[in-house]
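User: I am new to reading protein models and would be grateful for a careful explanation of one part of this one. Please define each term when it first appears.
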Amino acid sequence: MKQKVEIHTEFIKLDALLKFAAVVETGGDAKLAVQDGDVKVNGEVCTMRGKKIYPGDTVELDGVKLLVIKEGSAAGESFKVKLKRK
């Protein structure tokens, strides 16, 4: 399953993205998934939960592929999850 996640900040940290996109239920679950090597960023396994994810990056976990896009981009018209951080 593919999802687009729209952000209005410059980046989002990997563990926060997984939680806010509802791929995991808690921050603790995100931490474990990343530490266990279950998460791929741009096709490569990533074990840094604080990794900065920018628009254009993809993140995969458990068959879910997230594409991070910038708020207001043309690609944002069909997003499924919208994330706004203060």
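The part to be examined is helix α2, together with its surroundings.

Analyst: This is a predicted model, in which local features need pLDDT of at least 70 and side-chain atom pairs count only at pLDDT 80 or more, while totals for chains, interfaces and linings use all residues. Residues are numbered from 1 along each chain as its sequence is written, and side-chain values use heavy atoms, with hydrogens and water left out.

The setting of the helix comes first. The chain has two helices and eight strands; helices (H or I, at least four residues) and strands (E, at least two) are DSSP runs, numbered from the N terminus. Read from the N terminus, the order of elements is β-β-α-α-β-β-β-β-β-β. Of the 86 residues, 35% are buried, where buried means under 20% relative accessible area, exposed over 50%, and partly exposed in between (1.4 Å probe, protein chains only).

Helix α2 covers residues 27-35, and its buried residues are Ala30, Ala33 and Val34. Viewed down the axis of α2, these buried residues fall within an arc of 95°, so they line one face of the helix. That arc is taken from the directions from the helix axis to the C-beta atoms. The cover over the buried residues of α2 includes α1 (14-20) and β6 (58-61). After α2 comes Gly37, whose phi is positive, near 80°.

One link between the two helices can be followed through Asp15, which lies in α1. Asp15 counts as buried because its relative accessibility is 18%. Leaving aside residues up to four places away in sequence, Asp15 is in contact (heavy atoms within 4.5 Å) with Ala30 and Arg49. Ala30 is one of the buried residues of α2.

The loop between α1 and α2 holds Ala22. Ala22 has a phi near 65°, a positive value in a residue other than glycine. With a relative accessible area of 62%, Ala22 is exposed.

Helix α2 also takes part in a wider arrangement. The largest nonpolar core contains 21 residues; such a core is a set of buried Ala, Val, Leu, Ile, Met, Phe, Trp, Tyr and Cys residues joined through side-chain atoms within 4.5 Å. Leu14, Leu17, Leu18, Val39, Ile53, Val59 and Leu66 have the most contacts inside this core. Two or more residues are given to the core by each of β1 (2-7), α1, α2, β6 and β7 (64-70). The largest share, four residues, comes from α1. In soluble globular proteins, nonpolar side chains tend to be buried together.

Leu66 shows how parts of the chain meet: beyond four places in sequence, its contacts include Val5, Leu17, Leu18 and Val59. Among contacts in the chain between residues at least 6 apart in sequence, 59% join residues at least 24 apart.

Finally, confidence should be considered. The mean pLDDT, the predictor's confidence in each residue from 0 to 100, is 88 for the chain, and 84% of the residues reach 70 or more. Over residues 76-80, however, pLDDT stays under 50. Where pLDDT is low, the predicted coordinates should not be read in detail.
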